Amino acid sequence: MKNHARLLATLAAILALGMIAACSAQPQPPAPQAPAANAPAQSAPAQSAQPTAAQPAAAAKPTEQAKAAAPAAGGNVNNVGKKLPDDAAPSEQQVLVLTNDQQAQSEGARFMDIMASVYNRALGNDLFSMPLIRLNKDFEVIPGAAKSWKMSSDGKTWTFQIRDDLNWSDGTPVTAEDWVASFRHIADPKTGYDFGWFFEEANIKNFKEAEAGTAKLEDIGVKAGSNPKELVFETTKVIPYFPMLMLYTPPLQAKQLAAKGPTYNSDPATSVSAGPWILKEWANDRVVVEANPKMPDDLKPYLNKVIFIKPKNELQAYQAGEVDRARSGSAADVKVITSDPQLSKDASPDVGDFRVHYFFFDMSKPPFDNMKVRQAFAHLFDRETIMKTILPPPAAKPASSFLAPGFPGSNMDALKDYQKYDPELAKKLYAESGVKITDKLTLQVRVGNPIEEALVAMSQVYADEIKKQLGVDVEVQRVEPKVFMDSLNAKPTGIQFGFVSYGMDYLDQSNMLSVFKPGGRHNWNNQKYQALLDQAGPEQDKAKRDQLYKDAEKMIVDEAPAVFALQQFDVWTWRPWISGATFKPGKVNTARGIGFPGWGTFSPASIDTYVTKDVLQARPNPPK
């Protein structure tokens, strides 16, 4: 359809039938204070997710959220002897039925631990050991399995002290050897670990070489220290934010990994836990865990039991009383929520992983090796009109750059004009490029996302605008996630023009902006950009570091290796009788509920959540 207004009107009608997910923006997190240089390790560190100097963190102090959730003296205790808060329901009611944090899991996947697999984890994963650090509601780094950490004087050695009171459920102490074995497992080329690139970003000595088979596994820079509870990392570069990179480190047990392999936690007979939960029942579509009585008191959960299921439609299951939370991922769901007074109260938009969707190009060959062609295309995406018509707030917000509001160093408002909708400027830049595109282009869209219909619809509007303004034919093509990513990551890439998204793995500019580094996901290969990343990475002056990253992001929106389209967020519905510190508004994340990094042991969420007395009127008998 060539008539732009008519197509948008048609898409608005399609929207009413159901095509969107939901989202909300977040305020900018406050800048942290840098600790003193080379201070001694603290007994309970807490450092902001925004990196400062590469130093040990300051001692953690109880937050107002933690105080609000603190149990009162009395006889209401749960099955593992933990005192429940004053407003908590009786112990037998401390049961929840949940869906998975992940939007999808591979059918038949048996991996229950992130150090076994990231993209093929099963239902109810990441509950059976503690990462070295965790994130609180406001994305701040807090202690996990490690009670303290410190950096060496040269910035290339980090030493973590593991809690003395942390043991596996089979009685085996949790020691540095569990992390040593886990890191050797994921670095082993025979494992084919699907998240190795993340730990390459940590610049752990010999890790990348071990993956390639050119270094021995025992030579990687993850070793036991002077005692069994001391874990030492050696890096090849100064990484001021290194502790933050240790979020995804809930270890596999060294003993059971050697005996049973990385899927041992999907069988109650072989599962061992050093986390808040013990596996009691496992199936691909139902997992049951119970509170671990052998955890230290502060790491014991309030809940007695959590049941995970996989309904076909989460919101319908929520309405039927089958689950206690649901992720909404379609326009039909959003319409139901906004038109229902109770669901509207239950719904909680969340910033999630600061996910941004963007169009990208193969810049290694014509026509997109020409910067002015890319810039011309960048001025033809009408964000405001398309968002209002296809994916309006609270489902989405326009994105004019990569770092969304609320993300450290976000500069979106200052960069909004670089890729603003301006057809006349687009035609001028295209003419100046000297390029005449005569072949039809194929715009490939990665599907499989809950909002895939909206993404396809946006892409079609964009394709028609390119045809209208530049006379270039563009065909929109849906591509399944695995096929899409295999083509994108191929060298040379198999995608000439595509639409994809990226969300953070850790809350630092280095994570998001590294997507465009030379040799990475895209083939922009701008050495000036890489130089800015290299300079910013080890910089310990926060103001200088932030400015370097702002300069780098400005290069992206100016030279247009990508055309940024929208921010995507999650909307969860939660039962009103679910409470806890994580359900209180934070300073950065003000949404009610559990946001990034989810229900697992990456945050205190599954420990501090409990069921209030309000449940007694709605649910006299707990779920089985």
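Helix axes are lines fitted to C-alpha atoms over the stretch in contact, and the angles between them run from 0 to 180 degrees between N-to-C directions. The structure treated in these exercises is a predicted model.

**Exercise 1. Helix α15 and its helical neighbours**

Task: Determine at what angle the axes of helix α11 and α15 cross, and which residues make the contact.

Solution. Begin with the geometry: the axes of α11 (residues 371–378) and α15 come within 10 Å, and they cross at roughly 115°. Next, look at the residues that touch, which are Ala376, Phe377 and Ala378 on the side of α11, and Tyr462, Ile466 and Leu470 on the side of α15. Finally, sort these residues by class, which gives 6 nonpolar, no polar and no charged residues for the contact of α11 with α15.

Task: Carry out the analysis for α14 and α15, and state the handedness of their crossing.

Solution. The axes of α14 (residues 423–433) and α15 come within 10 Å and cross at roughly 65°, and the crossing of these two helices is right-handed. The residues in contact are Pro423, Ala426, Lys427 and Tyr430 from α14, together with Glu465, Gln469 and Leu470 from α15. Divided by class, the residues of the contact of α14 with α15 comprise 4 nonpolar, 1 polar and 2 charged.

**Exercise 2. Strand β16 and its partners**

Task: Establish how many residues of strand β16 are buried, and with which strands β16 pairs.

Solution. Strand β16 spans residues 441–446, and 5 of its 6 residues are buried, so that the strand is mostly covered, where buried means under 20% relative accessible area. Turning to the pairing, β16 and strand β17 (residues 474–479) run in the parallel sense and are joined over 6 bridges, and within this pair the bridge partner of Arg446 is Val479 in β17. To follow the connection, trace the chain from β16 through helix α15 (residues 452–470) to β17, a β-α-β crossover that is right-handed. With strand β18 (residues 497–502), β16 also pairs in the parallel sense, over 3 bridges, and here Val445 stands opposite Phe499 in β18.

**Exercise 3. A mixed sheet**

Task: Give the strand order of the sheet that contains β3 and β10, and identify its edge strands.

Solution. The order is β3-β12-β11-β10, in an open sheet of 4 strands whose pairing is mixed. The edge strands are β3 (95–98) and β10 (277–283), each of which pairs on one side only, and the twist from one strand to the next averages 15°. For a closer look at one pair, take β10 and strand β11 (residues 286–291), which run antiparallel and are joined by 6 bridges; in β11, Ala291 is the bridge partner of Trp277.

**Exercise 4. An antiparallel sheet with a packed helix**

Task: Describe the sheet that contains β6 and β8, and find which of its strands helix α3 touches.

Solution. This open sheet has 4 strands in the order β6-β7-β9-β8, and its pairing is antiparallel. Its edge strands are β6 (146–151) and β8 (222–224), each pairing on one side only, while neighbouring strands of the sheet are turned by 20° against each other on average, direction ignored. At one end of the order, β6 and strand β7 (residues 157–162) pair in the antiparallel sense over 5 bridges, and Lys150 has Thr159 in β7 as its bridge partner. Helix α3 (residues 176–187) packs on the sheet and touches β7, β8 and β9 (230–234), and its direction makes about 155° with that of β8.

Task: Decide whether Ala176 and His185 of helix α3 are buried or exposed, and list their contacts beyond four places in sequence.

Solution. Ala176, which is found in helix α3, counts as buried because its relative accessibility is 1%. Leaving out residues up to four places away in sequence, Ala176 touches Ala224, Pro228, Glu230 and Leu231. The C-alpha atoms of Ala176 and Val232 are separated by 8.3 Å, although these residues lie 56 residues apart along the chain. His185, also placed in helix α3, is buried as well, with a relative accessible area of 14%. With neighbours within four places set aside, the contacts of His185 are Met115, Thr191, Leu252, Leu257 and Pro262.

Key: Residues are numbered from 1 along each chain as its sequence is written. This is a predicted model: local features need pLDDT of at least 70, side-chain atom pairs count only at pLDDT 80 or more; totals for chains, interfaces and linings use all residues. Side-chain values use heavy atoms; hydrogens and water are left out. Buried means under 20% relative accessible area, exposed over 50%, partly exposed in between (1.4 Å probe, protein chains only). Two strands pair if DSSP finds at least two bridges between them. A crossover is right-handed if, with the strands pointing away from the viewer, the path from the first strand over the helix to the second runs clockwise. A crossing is left-handed if the near helix is turned anticlockwise from the far one by less than a right angle, and right-handed if clockwise. Contact means heavy atoms within 4.5 Å. Ala, Val, Leu, Ile, Met, Phe, Trp, Tyr, Cys and Pro count as nonpolar, Asp, Glu, Lys and Arg as charged, and the others, Gly among them, as polar.
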